[in-house]
Amino acid sequence: QEQLAESGGGLVQAGGSLRLSCAASGRTFSNDPMGWFRQGPGKERAFVGGINWNGGNTFYAGSVKGRFTISRDNAKNTVYLQMNNLKPEDTALYSCAAAGQYPHSWYVPVDSNDYNYWGQGTQVTVSS
């Protein structure tokens, strides 16, 4: 069964860093764009950033651009989200997702409806 599993979340002080991982199993996602989304308390799920199948194209939400970096290691079927200079407003449940209908594409979807595989998420809490 296809699965995405996030790890690396936790509690960090403002200004700190965390690296989230998203490990895939049951299916190779190395041909697919991958995205990170987050849902904060009382908020709707929002796009954080995404990466195309070979890492040649990345796209970020304006609120994280310059602080967050997405990368992938297709040999390990894993995607990463490096988060630096964290702020209390980054507190959220972070989920990774795969867009299986765009294999080998330059495209990075930003709409959650374009992603058809989802992990359960990992909690990130940033204290002030």
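Two strands are said to pair if DSSP finds at least two bridges between them. In this predicted model, that condition is met by β3 and β8, which run antiparallel and are joined by six bridges. Within this pairing, Leu20 stands opposite Leu81 of β8.

The two strands belong to an open sheet of four strands, in which the order is β1-β3-β8-β7 and the pairing is antiparallel. At the edges stand β1, which covers residues 3–7, and β7; each has a single partner strand, so one side of each is left without a neighbour in the sheet. On average, and with direction ignored, neighbouring strands here are turned by 15 degrees against each other.

From the sheet one can turn to the nonpolar interior. The largest nonpolar core has 26 residues, and those that touch the most other members are Leu4, Met34, Trp36, Phe68, Leu81, Met83 and Tyr94. At least two residues of this core come from each of β3 (18–25), β4 (34–39), β5 (46–51), β7 (68–73), β8 (78–83), β9 (92–98) and β11 (122–127). Apart from this core lies another, made of six residues, among them Phe37, Phe47, Ala97 and Tyr115.

Met34 offers a way to follow the surroundings of one core residue. When its neighbours within four places in sequence are left aside, the contacts of Met34 include Leu4, Cys22, Phe29 and Ile51, as well as Arg72, Val79 and Ala98. Ala97 and Tyr115 are also in contact with Met34, and these two residues are members of the core of six residues.

Cys22, one of the contacts of Met34, leads on to a covalent link. A disulfide is a covalent bond between the sulfur atoms of two cysteines. The count in this structure comes to one disulfide, formed by Cys22 and Cys96, whose sulfur atoms are 2.0 Å apart. The link of Cys22 and Cys96 is right-handed, with 60 degrees about the S-S bond. Because Cys22 lies in strand β3 and Cys96 in strand β9, the pair ties together parts that are 74 residues apart in sequence. Cys22 is buried, with a relative accessible area of 1%, and Cys96 is likewise buried, its relative accessible area being 1%.

Charged side chains make further links, and the structure holds three salt bridges. One of them joins Asp32 with Arg27, where the closest N and O atoms are 2.7 Å apart. Asp32 counts as buried at 2% relative accessibility, whereas Arg27 is partly exposed, with a relative accessible area of 25%.

Another salt bridge brings together the side chains of Asp90 and Arg38, at 2.8 Å from N to O. Since Asp90 lies in the loop between β8 and β9 and Arg38 in strand β4, this pair ties together parts that are 52 residues apart in sequence. Asp90 counts as buried at 1% relative accessibility, and Arg38 counts as buried at 13%.

The side chain of Asp90 also meets that of Arg67 in a salt bridge, with 2.7 Å from N to O. Here Arg67 lies in the loop between β6 (58–60) and β7, while Asp90 lies in the loop between β8 and β9, so the pair ties together parts that are 23 residues apart in sequence. Arg67, at 10% relative accessibility, counts as buried. Arg38, Arg67 and Asp90 are thus linked in a network of salt bridges.

Definitions and conventions
Residues numbered from 1 in each chain as written. Predicted model: local features only at pLDDT ≥ 70, side-chain atom pairs only at ≥ 80, totals over all residues. Heavy atoms only, no water. Core = buried A, V, L, I, M, F, W, Y, C linked by side-chain atoms within 4.5 Å. Buried < 20%, exposed > 50% of the residue type's maximum accessible area, 1.4 Å probe, protein only. Contact = heavy atoms within 4.5 Å. Salt bridge = Lys/Arg side-chain N within 4 Å of Asp/Glu carboxyl O. Axes fitted to C-alpha atoms, helices over the stretch in contact; angles between N-to-C directions. Disulfide = S-S within 2.5 Å.
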